[in-house]
Amino acid sequence: MELSNRQEQIIQIVKENGPITGESIAESLSLTRATLRPDLAILTMAGYLDARPRVGYFFTGKTGSELLTEKLKKFKVHEYQALPVVVQEDVSAYDAICTMFLEDVGTLFVINEQSLLVGVLSRKDLLRASIGNQDLTSVPVHIIMTRMPNVSICTKDDLLLDAAQKLIEKQIDGLPVVKPVENGMEVIGRLTKTSVTKALVELATDQHL
Ligand code: ADP
């Protein structure tokens, strides 16, 4: 994050004199404690300074990029997941293509009658089926999908960074966010490259203090 001149000054004062009370910082800047309060709150929240009761403020010694990395490593899947788009395993490849266009997604999750995850269907799976000259209205998606147990998954409490690592390692665009239930897994979300991109933009524009 971009620090203001005054915030830079505060850091410098705390670096040289910490631990130091808010009152003393205000004095050395010839400002009131109340004027400084928002700056001190921001610097503490962002991790540059730490405050101990009855001791005062001290410098944590962390650089901007260290703080950024710390923040990124705390992001969870549930903060960025999107709604899942699912189809039943017996719908046709033709209908799956329509769903993909209507819902504007690149990955569909395939479920069985009990609403449990049985597979994943990507654009390429549908393209592959299309070039075989088959009648797409009579090819059910379970024939062409990537099926369990080969589906890579994540859960809502996984770290975003771990999910992103899976996307890269497996060279895929999305992961179903699942919740384990008695006989398998229910799909509760969708974690895609777009979700990771959103996190990156948020981080860079300070929306995730
Ligand atoms: P695209 O078809 O747009 O390139 P992907 O790269 O995600 O999309 O898909 C490539 C292949 O990986 C497809 O065969 C697809 O079924 C499979 N796939 C997609 N997502 C997963 C996943 N979460 N787990 C396992 N396989 C997947």
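Start with the two domains: in this predicted model, the C-alpha centres of domain 1 and domain 2 lie 49 Å apart. To see them, colour residues 5-62 as domain 1 and residues 77-200 as domain 2.

Next, select residues 80-136 and 145-207. An unreviewed UniProt entry places the feature "domain: CBS" at these two stretches. Stay with residues 80-136 for a moment: this span is 35% helix and 25% strand, and its end C-alpha atoms lie 34 Å apart.

Now show the ligand and the residues around it. How many residues surround the ligand? You should find 16, and the closest are Ser122, Lys124, Asp125, Thr146 and Ser152. Colour this shell by residue type, and it divides into five nonpolar, six polar and five charged residues.

Which elements should you highlight here? Strand E5 (117-122), helix H7 (123-130) and strand E7 (174-181) each supply at least two residues of the shell. Helix H7 gives the largest share, with four residues.

Zoom in on some single contacts:

- Serine 122: one of its polar side-chain atoms lies 2.6 Å from an oxygen atom of the ligand.
- Serine 152: here a backbone N or O atom lies 2.7 Å from a nitrogen atom of the ligand.
- Glutamine 171: a backbone N or O atom lies 3.4 Å from an oxygen atom of the ligand.

Finally, turn on the protein surface and keep the ligand in view. On its own, the ligand has 550 Å² of accessible area, and the protein covers 86% of it.

Definitions and conventions
Residues numbered from 1 in each chain as written. Predicted model: local features only at pLDDT ≥ 70, side-chain atom pairs only at ≥ 80, totals over all residues. Heavy atoms only, no water. UniProt positions renumbered as here; feature names shortened; annotations may be inferred. Domains from an automatic or database assignment. Near = heavy atom within 4 Å. Polar contact = N/O pair within 3.5 Å; in protein donor to acceptor, adjacent residues only side chain to side chain. Areas by Shrake-Rupley, 256 points an atom, 1.4 Å probe, with all protein chains shown as cover. Nonpolar A, V, L, I, M, F, W, Y, C, P; charged D, E, K, R; others polar.
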